[in-house]
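Please open the model in your viewer and keep the sequence panel beside it. The stops below suggest what to select next and what to look for there.

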Amino acid sequence: MILRGFAAAGRGDMATQLELCDAAAKLLRKSAPDETYQLASAAHVTGILLRELPWEGYEYLADLEREIPWPDDLKLWRFQLLRALGWKLALNGTYLEAMRHLLRATLYTDDPVRRAYALLDSAAIAIFANERVTARSEYTVASDTIDAIDWTQVRDETVSVLPYAAQIAAELDYPERAREL
């Protein structure tokens, strides 16, 4: 149900995501370990976060992210939570804190494509903050990460990291790299 909720969110249907995550949380509360219930709650909070939750909600989300005893096989959940929190902080003008969350997100994924996404997010946020040197530095690490990926092993839907990288490259005046991507 939670995965279907995220799929709905990907289509822009946040109401369905929240409904499915809420239903999953209620089911898990009855039958699953506390850890799993907390993860379902984290998914629910992420959905709320993406719907322009007032600032007060972010402290709760940050506390939740730190308090959950995240098992290794669910690091992706933590990655998603940190990435969403990073963007929300950036949209509220808290750029350094946003980049700190995105840096932490890179630590909670073994997937180089997702790591590249978080690094590109940091570069994009640095651009918004008019920190071109930082943006170039973050982009360089992201670009190196992308170059090291074995693209024959990548699922089709994650290839969208390439146009994202090309867009950032163009913004940072790397036209050759943008065309290459």
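Begin the tour at a residue on the outside: select Asn-130, which counts as exposed at 65% relative accessibility, where exposed means over 50% relative accessible area, buried under 20%, and partly exposed in between, with a 1.4 Å probe and protein chains only. Before going further, note that this is a predicted model, in which local features need pLDDT of at least 70 and side-chain atom pairs count only at pLDDT 80 or more, while totals for chains, interfaces and linings use all residues. Residues are numbered from 1 along each chain as its sequence is written, and side-chain values use heavy atoms, with hydrogens and water left out.

With Asn-130 still selected, display the backbone: the residue sits in the loop between helix H7 (112–128) and helix H8 (132–147), and its phi is near 60°, a positive value in a residue other than glycine. Helices here are DSSP runs of H or I with at least four residues, strands are runs of E with at least two, and both are numbered from the N terminus.

Next, move to Asp-173, found in the loop between helix H9 (161–171) and helix H10 (175–180). Its phi is near 65°, again a positive value in a residue other than glycine, and Asp-173 is exposed, with a relative accessible area of 55%.

Now zoom out and colour by secondary structure. The protein chain contains 10 helices and 0 strands, so that, read from the N terminus, its elements run α-α-α-α-α-α-α-α-α-α. Of the 181 residues in the chain, 46% are buried. If you switch on the surface, the chain exposes about 9900 Å², of which carbon and sulfur atoms supply 54%, the areas coming from the Shrake-Rupley method with a 1.4 Å probe and, for residues, with only the protein chains shown counting as cover. Taking a contact as heavy atoms within 4.5 Å, 59% of the contacts between residues at least 6 apart in sequence join residues at least 24 apart.

The remaining stops concern charged side chains. The structure holds 7 salt bridges, each being a side-chain nitrogen of Lys or Arg within 4 Å of a carboxyl oxygen of Asp or Glu.

Select Glu-97 and Arg-100 as sticks: they form a salt bridge whose closest N and O atoms are 2.5 Å apart. Both residues lie in helix H6 (residues 95–107), 3 residues apart, which is about one turn of the helix. Glu-97 is partly exposed at 29% relative accessible area, and Arg-100 is likewise partly exposed, at 38%.

Then select Glu-171 and Arg-132, which form a salt bridge with the closest N and O atoms 3.6 Å apart. Because Glu-171 lies in helix H9 and Arg-132 in helix H8, the pair ties together parts that are 39 residues apart in sequence. Glu-171 counts as partly exposed at 41% relative accessibility, and Arg-132 is partly exposed with a relative accessible area of 30%.

For the last stop, go to helix H10, where Glu-180 and Arg-177 are 3 residues apart and thus separated by about one helical turn. Their side chains meet in a salt bridge at 2.4 Å, N to O. Which of the two ends is buried and which is exposed? Glu-180 counts as exposed at 58% relative accessibility, whereas Arg-177, at 13%, counts as buried. Finally, add Asp-147 to the selection, since Asp-147, Arg-177 and Glu-180 are linked in a network of salt bridges.
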